[in-house]
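Got the viewer open and a hand on the selection tool? Let's walk through this one stop by stop.

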Amino acid sequence: MDERKAPGTMPPEKKLLRALAGLETEGVPVWMMRQAGRYLPEYRKVRADAGSFLDLCYTPELAEEVTLQPIRRYGFDAAILFSDILVVPDALGQKVAFKEGEGPVLEPITDEAGLAALGSPARVTEHLRPVYETVSRLSNSLPREVTLIGFAGAPWTVATYMVGGRGSPDQAAAKLWAYRAPDEFQKLIDILVEATVEHLSAQVEAGAEVVQIFDTWAGSLPELSFERFALRPVKAIRELLQARFPGLPVIAFPRGAGAMAARYFRETGVRGLSLDTGVSPGWARDNLQQLGCLQGNLDPLLLVAGGDEMRRQARHILETLGNGPFIFNLGHGIVPQTPPEHVGELVKLVQDWRP
Ligand code: 1CP
């Protein structure tokens, strides 16, 4: 029987799925955010031949290839679909471009007229069909012990790019809209909740076994706005997804949530919580691990530095959280200047570790 099609009906065998289900694992499962990307020479080669970054995301053979590259090299326990959180605004009809050395650039939406010009959130999957084809190819080509993770950005984080038009250190444009006209801003969040549920559902139908929701900018919101624009939308997405796919494991990454992580974990009802580097592993063990599976949280710059300090801090995380349920990861994505051999060394350290 295919456990993917009937989640929860029997105990999973894959290590990462077992950790998410709160079951014992032989060793700690490991993958890394942004495990595909510019730090790998084989990625840079495919990227150079692909044309634009979005062309790479929308060409299933190439997106499949770059998803598989880190699996071949390192034997991670999970593969994360190669795509981006900004394919959702692209599918809603907002102009999105990835400029070399500059990151994403969007034509900003700042008012209700801008919202009215967006396409229907119920129909984003039409534009994103190549992404689901990538998922479906991966579902056939991945080694059987590797879990396939689909993903999307959380509504708040995606909204910061849609409103600001680019990455920003303070998310000021989206915040000011949310503070000056919360009910109007809520309309954008509602559109994104619906689009995200459709996008993640299509990934699950194509073969994704777990989904991760990235809320990179959650930590910039004050408590009352965090509740409304970060916690509640992710709770709604989790509920709507599980109404369609009972037992589907959902991981959330509310980066920078601090002590609000406990309420967030409990109230969103997600199965896994991905911790950023700022969260103390001991605090997380005492306050969060009884609520579900934790994931994280080595500083990506320790992976750049390597050496004794990387090993010491990785062991500290393992010794504190490794009794489980736990998935080893970074506190944020791998950065381009990371030496690939440091990744190999860290994966081996985690794979060899036992409580
Ligand atoms: O030139 C290149 O090759 C583009 C670099 C790149 C890559 C490799 C971008 C542009 N996106 C990606 C892939 C990507 N993005 C993945 C692939 C899977 C994997 O992890 O291996 C994922 C999960 C994302 C998610 C993503 N995109 C997030 C959330 C997680 C995070 O890192 O905080 C965010 C905020 C984005 C937006 C984005 N896309 C790309 C860049 C450079 C950015 C950040 C822009 C900024 O705010 O500075």
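The tour goes from the ligand and its surroundings to an enclosed space elsewhere on the list.

Before clicking, note that this is a predicted model, where local features need pLDDT of at least 70, side-chain atom pairs count only at pLDDT 80 or more, and totals for chains, interfaces and linings use all residues. Residues are numbered from 1 along each chain as its sequence is written, and side-chain values use heavy atoms, with hydrogens and water left out.

**Stop one: the ligand.** Select the ligand and everything around it: you should get 22 residues (a heavy atom within 4 Å counts). The closest are R34, Y43, D84, Y161 and H332. Color that shell by class and you'll find 13 nonpolar, 5 polar and 4 charged residues (Ala, Val, Leu, Ile, Met, Phe, Trp, Tyr, Cys and Pro are nonpolar, Asp, Glu, Lys and Arg charged, the others, Gly among them, polar).

**Stop two: the polar atoms.** Show Y43, where a side-chain N or O atom is 2.5 Å from a ligand oxygen. Next pick D84: one of its polar side-chain atoms lies 2.7 Å from a ligand nitrogen. For Q35, turn on the backbone, since an N or O atom there lies 3.2 Å from an oxygen of the ligand. Of the 900 Å² of accessible area the ligand has on its own, the protein covers 87% (Shrake-Rupley method, 1.4 Å probe).

**Stop three: the cavity.** Which residues line the largest cavity? Select P254, A257, G258, A261, L273, S274, L275, D276 and V279 (on a 1 Å grid over the protein atoms alone, a cavity is where a 1.4 Å probe fits but cannot get out, and lining residues have an atom within 4 Å of a point). Its volume is about 50 Å³, the space filled by probe spheres set on the points. The lining has 6 nonpolar, 2 polar and 1 charged residues.

How values were computed: Polar contact = N/O pair within 3.5 Å; in protein donor to acceptor, adjacent residues only side chain to side chain. 1 Å grid on protein atoms, 1.4 Å probe; cavity = no way out; pocket = protein on both sides within 12 Å on 5 of 7 lines; lining within 4 Å.
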